[in-house]
Every structure is written in C-alpha cells, then in structure tokens.
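I set out here what I looked up in one structure, entry by entry. The notes are meant for a reader who has not met it before.

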Amino acid sequence: MTTDFTTRPEILGTFGVVSSTHWIASSVGMAILERGGNAFDAAVAAGFTLQIVEPHLCGPGGDMPAIIYSAKSRKLDVICGQGPAPAAATIQHYRSVGLDMIPGNGLLATVIPGAFDGWMLMLLLHGTMSVRDVLEPAIYYAEHGHPILPCASKAIGELADFFRTEWLTSYDTWLPGGSVPPAHSNFCNPVLAGTWKRVVSEAMAARGRERQIDAARDAFYRGFIAERIDAYLKSAEVMDDSGSPHRGVLTAHDMAGWQASVENPQTYDYRDWTVAKTRSWGQGPVMLQSLALLKNLNIGAMDPRGPDFVHSVVEAMKIAYADREIYYGDPDFFDVPMETLLSDRYNNDRRTLLTDDASYEFRPGVLPGYQRQVDLTLAMLDELSGTGAVYEPTMAHLSRTPGDTVHLDVIDRWGNMVSVTPSGGWLQSSPVIPELGFSLNSRAQMFWLKPGLPTSLEPGKRPRTTLTPSIALHNGRPALAFGTPGGDQQDQWQLAFFLRYVHHQKNLQSAIDMPLFHSAHFPASFYPRTRSPGEVVIEGNFDVATLEELRRRGHSLTVAEPWSIGRLTAASRDPDGLLRAAASPRLMQAYAVGR
C-alpha cells in the first residue's frame, strides 16, 4: 500500500461515511446517520441540501439517477429519477418554431422534473425517516442562509444583465436587492423554503410514513407545485440561447402521469470486480465498454501517471464513446444491442484499433442490422460539424455559463450503499417559477431533432443523460461507491480513478488526488454539441516528460491548471466492515466525513 502524501486523509471508520461535492451536504448526511437513519435517509437529506448549497449545479426541477445496494434485500438497483419528454415535445413542433437543435436552456429544453420523485421513492422503499426529517436541513439552509460558493456567485454575476432584461423572476431570486451576492456571503432562498415547508405540511397531515411520502409526491406532481408550473408555462415565452424567445411544452398533465422507477443496473465483470451503471438511457455503459477494451492490456504494469496509461485510456474511450453516439438511448423505445457491445468477441475486434498513435477518426462499430442507424448518425454529425460551433452571438453568455452536476456517496454501518449523481434545474437553465423559488431543467437538449435515432426526440422518451453514478463489487461483495460531476467527462474521470484504484492504489484519497485528463474527441452532449478531434485536456501537474511523449504520439494537448479537472468522491467497505471515504480537493468544496 502506498504511503504517498495525500491532500486530505482517507476517512476511516465503522459507523458510517458520507462523501459529497459540498461539505455542508456531507455534514447533513452524517447528522442523519448520527440520528439513527440509514444510508438512504442520509442520501435523501444530503441530496435536498445540495440543491440549496450548489444551486448553479442542481435544483428541485432537475433529475437524479442513483445506484443503490440494500443490505436487507442483498440486491443492487437503479432508481431512475430521470423524467422523460412531455407529450407535446415532438420533432415536428420544435422544427415548426425554427429550431434544428434543442437549446441548452429556456423552456423548450425542459423534460418532466424527476429528482423529487426519485428521492421520495428511495425514502419510501429503503428509508426509515419522515419527509419532515429529510427536508428540514434543506429548509434551514434555504431560510437561514448558506455561504454562497464563489463559482455560484460568478455564474450569477455573468448572467446578471440577462436576468435583469429577460428572466426577471431569476433576477429577483438570485440578485436580492439588485446586487450579485458576494462569494461566501450568506445567501437565502425564502421562497423555496416556503415551498418545502408547504410540502412537509401537506405530507405530515397524512397518517403513517408511507402515506406521508405519497402525499409529498402528490404535492409536487399532482398538487400545488405542478399547478404553479403549469400556470407559468401557459403564458411564459422566454429567451433561450437560440437567440429567440420560446414557450415551453410541459404541462401539469405530463407531471401527473409520471413517476420514478426501479430497474436493474447494467453490469460488467472486469477481473475480480463487477461494475454497475445505469442502462443505456444514461451514458454509464460507455465506462463498461472502455473496461471491455482495456481488460486484456497490462494496465497494472503501466505507470498510472505515465504516457502509456493516459494514451491507452484515451484511445479506448474514443472508441467506446463513438458507440455511445450511435447506439445509446432509452431502451424502452429502441433496441440497444448492449449485450453485443460488451461482448468479448466484439471488443476483441475493436481492440485492434488501438495503436501507439493518437487517432483523429470517429470510429463507431457497425453491427449487423444497424448500418442505417450508423449512416444516419454519421450524416447528422457531418452536417453538424459545419454549424455546431455557431450560436447566436447575443446569447453567447448563456453557453459560456453552463450548469454542471453534483455527486454523493453514502455507506452506513449495516452495509447499505448509495451512489447518486443529481443534476439539472440549475439557476442557468430557465427562469425561476414564480411562488416556488426554483427553475426547471434543460435535459431535453440531449435529444436530436432528426428522426430514426435512439436519441431522437419523442414524447415519453428519456433523454440519454450524462449522469452516471457507480457501484463496484469485489468478488461479488459490494465494495465501492464513486462518481463525479462533469457531463461527458464523468465516465472518463471515473474510469481513470477506478483503474488506478484497482491496479495501483488501495487508498481512495491517493487515487483521487492523481492528476486527471479527458478527451474532447467525440460530440458533446450539451448545446451546441461541439467536438474537437484528437484533443486531450490534461492537468498541468503531470510530468513534463509525460506531456511531451503524448504530443509525440499525436495527441493535441490542452494543458489545464493543476488541480482543476474533476470533482470525484468515493466511499468503500472492506470485508471486515471497515468503511473508507475520500473527496477531491479540486475547487476546495467536496468533503468526506465519517467515523
């Protein structure tokens, strides 16, 4: 085991551990464990708190996929809190208002908000606490304030003029008194606090914990929250980054007819580990495909900070992500050949594409029966390559101030395990809904407005999200929960972390502290859907010799500032019950706690 210096100690204990992208949320989760709650109770409370303290990265109108392990049922499950497209969200409608790409924000980018029902379903099926218990911390920080993060203050400042002229409800919410809140100043959202107080009041009026949770779900999806959203969207027509104002298509009827669901994870065996991800409605299987390509390479013999490791991982991801663009989508709508994509035979053939030189080609696999799908996608991407980097100059500030994501891992003394990546509904996504204090999401931007593709826009279809939590089993035993924000980079940073942990470092913090990198070779999932063939973004704390060798192999390097890429968090459980947790020092806000 390494004795290298780490930026923070790897947290050790036997009672419980929580690691998240914000220290307050981690502390809230730990407080729930201290009160006798389990990992699911702690995750729900911490998740709602993240909506308050990282409002530029997630919100109540967003989404949340979770991978969980229940010690009681001894089963891994995915909780899908990813809402689908509304009934009126058709390609024909979006084309009729002059769009050839769904904007990255505004009201047309909205799908049914899924996060609230996802959290409530987790609480209902696996938690022990009440709606009041898990919402109280979020209500406290919304009502009494929290130190607003520098990056949140910066995002508000960049959008202040736009909010003032176009999204007045957001201006009132995020610039109280007409001023940008200074970094680390105490910031309150009293309207959102009032929304959650009313949800709690309506929930607690019911008898019994399960009925109370159902009442809370009704308040959001069939009660006053859905009514407020519906009333606003019937009349609102707001500017988005297409450069024109548009009306939304989400209705109260859409919300009333949807609920979060539980499904089996997609898994892959890598040596003596089994990695669990969401199915193909998320990008998670791309990490599994990368592992399938890399498993016959001698990763353990490579320097985890060296050029062989970076080159091998980047080139494998280029191949796997090309397949993501062709084949991934909601499996309820499209036949996704995941068994073939993860098969040894397929990956043995694909592995022959890995050479000592960087590839600048976009090389998806062509499976029998899928030639037309490949041709349609490649033709669309070729068309996009000439226009995708162009957006209305007057709206450029919106594209320069994107949202992101948060992440949370929890393990309790009983062995329950949660990995969840909430996102969407951030303050940059759309105007704040009057009387509610939060925005809707912009996840629909991941659909294409071309028919016949797995990710073509269709009513009721889930967008192919980038949100991708992870749980890994070691020799069949749930052992590791991990994840990160980062959009298309999430599975890239997780892959580097996982390989380093499995092959080189059994210290979570040491593995997280290692310098990171990612490829920009393939099309982005977010508006304006650009790509940069051959580009690798890499932290400047790699050795100069490594950077020079990567350039010699043909990689186009963008060297980022040291300690600037990724926000990984992780938690693990040893066979003897010892718990561990760690969090990235990058941005100086993620934190792991436990005892």
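The entries below go from the nonpolar cores to the cavities and then to single residues.

**Entry 1. Kind of model**

I note at the outset that this is a predicted model. I took the residue numbers from 1 along the chain as its sequence is written.

**Entry 2. The cores**

I began with the interior. In soluble globular proteins, nonpolar side chains tend to be buried together. I found that the largest nonpolar core has 91 residues. W119, M122, W196 and I229 are the residues with the most contacts inside this core. I then asked which helix gives the most to this core. The answer is helix α2, residues 39-53, with 11 residues. Apart from this core I recorded another, of 73 residues. Among the residues of that other core are M101, W273, I319 and L499.

**Entry 3. M122**

I chose M122 for a separate look, since M122 is among the residues with the most contacts inside the largest core. M122 lies in helix α4. Is M122 buried or exposed? I recorded a relative accessible area of 0%, so M122 is buried. I left aside the neighbours within four places in sequence and listed the contacts of M122: F40, A43, V44, M64, A66, I68, I79, G127 and V418. For one of these, A43, I also looked up the distance along the chain and in space. M122 and A43 are 79 residues apart along the chain, and their C-alpha atoms are separated by 9.0 Å.

**Entry 4. Aromatic rings**

I counted the aromatic pairs next, and the structure holds 22. One pair that I wrote down is formed by F48 and W119. The ring centres of F48 and W119 are 6.3 Å apart, with 45° between the planes, and the pair is classed as tilted. Which parts of the chain does this pair link? F48 is in helix α2 and W119 in helix α4 (residues 115-126), and the two are 71 residues apart. F48 is buried, with a relative accessible area of 0%. W119 also counts as buried, at 0% relative accessibility. I then found both residues in one aromatic cluster, which is formed by F48, F116, W119, W196, F220, Y221, W258 and F438.

**Entry 5. Cavities**

I turned to the empty space inside. Rolling a probe the size of a water molecule over the atoms shows where empty space is left. How many cavities of 30 Å³ or more does the structure hold? I recorded 3. The largest cavity has a volume of about 110 Å³. Of the 17 residues that line this cavity, Q51, P55, W174, N189 and L192 are the closest to its centre. I sorted the lining by type and obtained 10 nonpolar residues, 7 polar and no charged.

**Entry 6. H22**

I looked up H22 in the loop between β2 (16-20) and α1 (23-34). H22 has a relative accessibility of 0% and therefore counts as buried. Not counting residues up to four places away in sequence, H22 touches L50, V53, E54, L149, Q589 and A590.

**Entry 7. Backbone exceptions**

I searched for departures from the common backbone pattern. Most residues other than glycine have a negative phi, and most peptide bonds are trans. Which residues does a cis peptide bond join? The residues are Y527 and P528, with omega at about 5°. P528 lies in the loop between β16 (517-519) and β17 (535-539).

I also noted L587, which is not a glycine and yet has a positive phi of about 70°. M588 is likewise not a glycine, and its phi is positive at about 55°. L587 is placed in the loop between β20 (579-583) and β21 (591-594), and M588 lies in the loop between β20 and β21. L587 is exposed, with a relative accessible area of 54%. M588 counts as exposed at 71% relative accessibility.

**Entry 8. P459**

My last entry concerns P459, in the loop between β13 (417-420) and β14 (470-474). At 33% relative accessibility, P459 counts as partly exposed. Leaving aside neighbours within four places in sequence, I listed its contacts as A85, P86, A87, A89, T90 and F333. I also looked up P459 and I213, which are 246 residues apart along the chain, and their C-alpha atoms are separated by 28 Å.

Conventions:
Predicted model: local features only at pLDDT ≥ 70, side-chain atom pairs only at ≥ 80, totals over all residues. Heavy atoms only, no water. 1 Å grid on protein atoms, 1.4 Å probe; cavity = no way out; pocket = protein on both sides within 12 Å on 5 of 7 lines; lining within 4 Å. Points joined across faces, edges and corners; volume = space filled by probe spheres on them. Nonpolar A, V, L, I, M, F, W, Y, C, P; charged D, E, K, R; others polar. Core = buried A, V, L, I, M, F, W, Y, C linked by side-chain atoms within 4.5 Å. Buried < 20%, exposed > 50% of the residue type's maximum accessible area, 1.4 Å probe, protein only. Helix = DSSP H or I, 4+ residues; strand = E, 2+ residues; numbered from the N terminus. Contact = heavy atoms within 4.5 Å. Phe/Tyr/Trp six-rings, centres within 6.5 Å; stacked < 30°, edge-to-face > 60°.
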